[in-house]
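User: I would like to learn to read helix packing and backbone features from a model. Please take me through some cases.

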Amino acid sequence: MLIKTIAALATTLMLGHAAAAEHPAFKVDVTGTGAPMILIPGLASSGDVWDGTVRHFCGSGKYQCHVLTLAGFAGQPAIQEPLLPAVEQQLSAYISTHKFNRPVIIGHSLGGFLGMKLAANHPEQVGQLVIVDTLPALGAAQMPSLTPAQLKEMAAGMRANMQAQDAATFNAAQLRTMRTMITRQEDIDKALARGGLSNRRTVIDAMADMMGTDLRQDISRIQAPTLVLGTWIAYKDYASKPVITAVYTSQYAQLKGAKIEMADNARHFIMYDDPAWMYDRIDNFLN
């Protein structure tokens, strides 16, 4: 038993060191033993957003969690090349190098967007996909008729506006945004701290790249069974649950068999606001 434990720890350390050396677009923290589960956090977030998820799924020997923190986020060194394609390419290589057999991919927000891109462009590499509160074309959430060209134009304007903001204006906007995304102040403070350690250029570029991309047709190439967990209560003053659910249903229409569930008690960071609901839905999906 001791020998097996030491071997498992050695494997974990080797995987972590390999990721740091060979995959500069992200850092990986590996926990547990079992089938691989890759967790991707969102914009300006650290991998520790998944700490509760790791405890739930990767302590029993069924799954081994590979938790990413992306370059330029939460104190990780930034890279010069565009982040999103670099993460996708290097994560595909990470899966191949370690000979993972169709791992589970779980992504939140920007991480869910990256999970979609990976599963669409490398469908043979993904076993099951869980997308936590994001859309294939986030920029078209309120205007579904926007074309890919119009989305790119809109994103370019957003990028220029954010780049022109002074530090105080940028930070105030981040605070306002977090208050719509998270319920408890202690969790808001945690997210803001991670954002404060993030590279501003990387955050702006990644946000603009996601907002300017339309995956509504690309997701038709995804072969993995997919669970989409959405939220609506932060927007209840503007639209009803059926209206917001319809946005998700419409945007995921080309991903055949996708299961969409809407949280009633959680804002965007479902893992903070209602982790028990999230774990229950993922458990049912994976089993």
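User: Is α4 largely enclosed by the rest of the structure or open, and how many of its residues are buried?

Analyst: A caution to start: this is a predicted model. Burial is judged from relative accessible area, and under 20% counts as buried. In α4, eleven of the twelve residues are buried, so the helix is largely enclosed by the rest of the structure.

User: Which residues of α4 are buried?

Analyst: They run from the start of the helix: Leu 110, Gly 111, Gly 112, Phe 113, Leu 114, Gly 115, Met 116, Lys 117, Leu 118, Ala 119 and Ala 120. Note that Lys 117 is in that list.

User: What do the buried residues of α4 pack against?

Analyst: Strands and helices both. The strands are β2 (35–40), β3 (63–70), β4 (104–108) and β5 (128–132). The helices are α3 (83–97) and α8 (200–211).

User: What end-to-end span should α4 have, and what does the model give?

Analyst: Use 1.5 Å a residue, times one less than the number of residues. For the twelve residues of α4 (residues 110–121), that gives 16 Å. The end C-alpha atoms are 16 Å apart, which agrees. Try α3 next. With 15 residues, α3 reaches 20 Å from its first C-alpha to its last, close to the expected 21 Å.

User: How are two packed helices described?

Analyst: By the angle between their axes and the distance between the axes. Take α3 and α4: the angle is about 60 degrees and the axes are 10 Å apart. The two helices are therefore oblique to each other. Their crossing is right-handed. On the α3 side the contact uses Leu 84, Val 87, Glu 88, Leu 91, Ser 92 and Ile 95. On the α4 side it uses Leu 110, Phe 113, Leu 114, Lys 117, Leu 118 and Asn 121.

User: Why do residues three or four places apart point the same way in an α-helix?

Analyst: An α-helix has 3.6 residues a turn, so residues at that spacing point the same way. Check it on the contact list: Leu 84, Val 87, Leu 91 and Ile 95 of α3 are among the residues that meet α4.

User: At what angle do the axes of α5 and α8 cross?

Analyst: At roughly 160 degrees, with the axes coming within 8 Å. Angles over 145 degrees count as roughly antiparallel. That makes α5 roughly antiparallel to α8. The α5 residues in the contact include Leu 151, Met 154, Met 158 and Arg 159. From α8 come residues including Ile 204, Asp 205, Ala 208 and Asp 209. The crossing of α5 past α8 is right-handed.

User: Which residues does Arg 159 contact beyond its sequence neighbours?

Analyst: Arg 159 lies in helix α5 (residues 148–164). Leaving aside neighbours within four places in sequence, Arg 159 contacts Ile 204, Asp 205, Ala 208 and Asp 209. A polar contact of 3.1 Å joins its side chain to that of Asp 209. Arg 159 is partly exposed, at a relative accessible area of 23%. Sequence separation can mislead here. Arg 159 and Met 207 are 48 residues apart in sequence, yet 8.1 Å apart in space, C-alpha to C-alpha.

User: Where do α6 and α7 fit in: parallel, antiparallel or oblique?

Analyst: The axes of α6 (residues 167–181) and α7 (residues 185–196) come within 10 Å and cross at roughly 140 degrees. That makes α6 oblique to α7. α6 passes α7 in a right-handed crossing. Gln 174, Leu 175, Met 178 and Arg 179 in α6 meet Ile 188, Ala 191 and Leu 192 in α7.

User: Now the backbone. What sign of phi do most residues other than glycine have?

Analyst: Negative. That is the reason to check the exceptions. Ala 44 has a phi near 60 degrees. Ala 44 sits in the loop between β2 and α2 (51–57) and is buried, at 10% relative accessible area. Asp 133 has a positive phi of about 55 degrees. Asp 133 lies in the loop between β5 and α5 and counts as buried at 6%. Just after α3, Lys 99 also takes a positive phi, of about 55 degrees.

User: What does the side chain of Asp 214 make a polar contact with?

Analyst: The side chain of Arg 216, at 2.7 Å. Asp 214 is in the loop between α8 and β6 (226–231). Its relative accessible area is 19%, so Asp 214 is buried. Beyond four places in sequence, Asp 214 touches Pro 136, Ala 137, Pro 148 and Leu 151.

Notes:
Residues numbered from 1 in each chain as written. Predicted model: local features only at pLDDT ≥ 70, side-chain atom pairs only at ≥ 80, totals over all residues. Heavy atoms only, no water. Helix = DSSP H or I, 4+ residues; strand = E, 2+ residues; numbered from the N terminus. Buried < 20%, exposed > 50% of the residue type's maximum accessible area, 1.4 Å probe, protein only. Contact = heavy atoms within 4.5 Å. Polar contact = N/O pair within 3.5 Å; in protein donor to acceptor, adjacent residues only side chain to side chain. Axes fitted to C-alpha atoms, helices over the stretch in contact; angles between N-to-C directions. Parallel < 35°, antiparallel > 145°, perpendicular 65-115°, else oblique. Left-handed = near helix turned anticlockwise from the far one by under 90°.
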